[in-house]
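Student: Hey, can we go through this structure together? I'd like to start with the cysteines.

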Amino acid sequence: MTAPHPVSASLDYTAAAKWPLRAAAHLLGAGLVLAVLVALPVAPTDLDRHQLPKETVVHLTVWLAVLLARPWPAVGLRRATIWSMSALAALTVASAVGASNHWLAWRAAALLISGCAALLTARHVAALGAVASLQVWCCIAGVVGVASGLAQAYGFDSPLFATTRLPGGTFGNRNFMAHFCALALPLFIMTVLTTRARALAWIATLGSAAFVAAIVLSRSRAAWIAVAVAVPLLAAACLLARRRGTVPMLRQRATGLAVTMVVTVIAAVVLPNRLSWKSASPYSDTLTGLTQHDEGSGHGRLLQYRNTLHLALIHPVLGIGPGNWPVRYGDVAPPNDPTWVYADPVPINPWPSSDWMALVSETGFAATLIALLFGASLAWRGLLAIGGHGDRVIAGAALLATLAIVFIEGNLDAVLLLPVPLLFVAMTVAVLMQRSEPPTDSVPPPPHRWANWALILLLGVGAIRSSAQTAAYVVAGNGRTFSRLWWASRIDPGSYPIRIALAQRGTCASVRGDIVAVIRMAPTWPATIQVARRCGVRLPR
């Protein structure tokens with residue numbers, strides 16, 4: 001009998017697997033859009049009312065997509081890339097075992113595993129024919145996200161919008177909104193320069209302009225610096241390729257895009273909005289202070305980085321445990337560190353102002369090195385594409401620009417520690433990798449059943465746990481009703497904001513268990529010490 005031709009085998013497989021692959025792609029996309037939009041109208045803490053439901057949507061989305069696609073081993077990812085992601089996840093889990101606060105550790109570890117699974121699944125379905133679906137959904141998510149930020153900036157309001165640090169829109173914070181817009185910009189620029197549909201090119205042009213306007217209005221220094229580096233990088237790569245005659249650059253589209261962006265920046269600065277900045281010249285102040293490090297937030301970041309590196313050096317192998325930075329930062333930070341807000345029940349942000357500082361302090365130097373090598377391997381794919389021909393060059397340049405934004409923003413703020421940017425980057429990188437590679441007939445290897453089911457089990461546990469966290473916040477409401485807080489603490493016993501609220505409001509006899517719980521979770525936080533002393537509960541030495 002004659003062996004089947006590889007192309008025929010690929011076509012047969014694609015036809016047989018068409019429904020689950022396309023369903024997985026649409027599920028990832030719809031989940032991304034929903035994650036951008038979702039937030040709780042009220043909650044015990046403003047930050048978690050945005051992040052907890054977004055985490056839950058991302059976990060459930062990735063879990064169901066993996067269940068449909070069974071992506072291990074993924075088509076389009078080299079074996080070394082897959083195993084580097086696996087090693088990073090394994091080190092994170094090992095670090096979580098030794099963490100002092102296991103609730104925070106498993107929450108952070110579950111999100112990292114979902115991010116790796118999202119990239120695995122998105123790359124798999126993109127290579128097997130669903131790249132256009134993923135790209136469209138990423139573009140929709142980008143438009144929805146920037147629309148929420150601009151709507152808040154120009155006077156629209158919603159219970160789901162940020163209440164502080166405007167214009168955060170549904171992201172809850174202007175920096176988070178700006179980081180997302182910067183991450184989406186290279187994909188939209190690539191769409192402008194490569195699409196054959198003129199109408200789509202103009203839509204992508206207007207979308208790119210909207211991102212630039214939102215980034216300017218946000219006054220997010222990390223986003224400003226990232227875009228200032230990444231967009232010229234993308235433009236330079238495309239211009240060099242055009243000089244070699246390897247890319248059919250559409251001068252009219254590129255000029256229209258540049259002019260639209262400039263006009264949009266001017267309009268964003270000149271037109272009145274509802275943002276009440278204290279400075280008379282807020283945007284010029286941000287521009288002149290981009291590299292300021294001797295005072296203000298820049299100085300605070302440097303102090304935080306120095307202390308966090310000290311923490312990493314004390315725990316160099318596996319770190320202090322994923323998600324445990326806020327409960328261990330006090331080990332190395334002085335009492336006057338500006339990171340602390342002692343008057344708040346939760347006195348510190350859940351992450352340092354840097355993805356990389358979180359990674360090195362929470363999971364150790366080996367995990368950080370693996371993450372850097374993994375990013376370098378993706379960048380190498382982009383560099384190879386720039387040496388190619390046609391639209392591949394632009395896609396490769398967009399991939400490099402996206403990775404540059406991830407690296408720069410991740411050095412200056414929490415980006416991939418958050419669920420929405422994590423899922424968006426996974427899907428965008430998968431799309432750009434597929435667009436930057438020469439067309440091939442991908443014949444997938446036989447799926448590893450045990451690996452896929454193990455991944456599905458891990459993702460399922462994370463999704464169920466995240467759902468419980470969000471459900472607890474729904475039950476807790478605004479956190480002012482004791483009975484609702486009590487029921488919420490039974491749904492999510494590891495929530496410090498819920499347990500400390502109970503400990504502060506109840507009688508000592510009724511909340512002794514809550515006091516013991518918060519001591520185990522964060523023994524050195526001021527609110528913990530206060531309630532323990534009030535009720536005579538012994539603190540650990």
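Student: How far is the sulfur of Cys 116 from the closest cysteine sulfur?

Tutor: The closest one belongs to Cys 138, and it is 17 Å away, too far for a bond. A disulfide here is a pair of cysteine sulfur atoms within 2.5 Å. Before we go on: this is a predicted model, where local features need pLDDT of at least 70, side-chain atom pairs count only at pLDDT 80 or more, and totals for chains, interfaces and linings use all residues. Also, residues are numbered from 1 along each chain as its sequence is written, and side-chain values use heavy atoms, with hydrogens and water left out.

Student: OK. Is Cys 116 buried or exposed?

Tutor: Buried, with a relative accessible area of 16%. Buried means under 20% relative accessible area, exposed means over 50%, and partly exposed is in between, using a 1.4 Å probe and protein chains only.

Student: And what about Cys 139, how far off is the nearest cysteine sulfur?

Tutor: That sulfur is in Cys 138, 7.0 Å away, and Cys 139 is in no disulfide. Cys 139 counts as buried too, at 15% relative accessibility.

Student: So how many disulfides does a search of the whole structure find?

Tutor: One. The disulfide joins Cys 508 to Cys 535, with 2.1 Å from S to S. Cys 508 sits in the loop between helix H19 (496-505) and helix H20 (512-521), while Cys 535 is in helix H21 (residues 526-535), so the pair links distant parts of the chain, 27 residues apart. Helices are DSSP runs (H or I) of at least four residues, and strands (E) are runs of at least two, numbered from the N terminus.

Student: Which hand does the link of Cys 508 and Cys 535 have?

Tutor: Left-handed, with -80° about the S-S bond. Cys 508 is partly exposed at 28%, whereas Cys 535 is buried at 12%.

Student: New topic: where is Ser 467?

Tutor: Ser 467 is in helix H17, residues 449-476. With a relative accessible area of 25%, Ser 467 is partly exposed.

Student: What is Ser 467 in contact with, leaving aside its neighbours within four places in sequence?

Tutor: Thr 56 and Leu 60, where contact means heavy atoms within 4.5 Å. The Ser 467 side chain also reaches the backbone oxygen of Ala 463 at 2.8 Å.

Student: How many cavities of 30 Å³ or more are there?

Tutor: The count comes to one. A cavity is a set of points on a 1 Å grid over the protein atoms alone where a 1.4 Å probe fits but cannot get out, and lining residues have an atom within 4 Å of a point. The volume of the largest cavity is about 40 Å³, with volume being the space filled by probe spheres set on the grid points, which are joined across faces, edges and corners.

Student: What lines the largest cavity?

Tutor: Among the lining residues are Gln 51, Lys 54, Phe 171 and Leu 418. Helix H16 (419-435) gives the most, with three residues.

Student: Last one: which residues does a cis peptide bond join?

Tutor: One such bond joins Trp 72 and Pro 73, with omega about -5°. Another joins Leu 166 and Pro 167, where omega is about 0°. Pro 73 lies in the loop between H3 and helix H4 (79-97). Arg 70 is in that loop between H3 and H4 as well, and has a positive phi near 45° without being a glycine.

Definitions and conventions: Polar contact = N/O pair within 3.5 Å; in protein donor to acceptor, adjacent residues only side chain to side chain. 1 Å grid on protein atoms, 1.4 Å probe; cavity = no way out; pocket = protein on both sides within 12 Å on 5 of 7 lines; lining within 4 Å.
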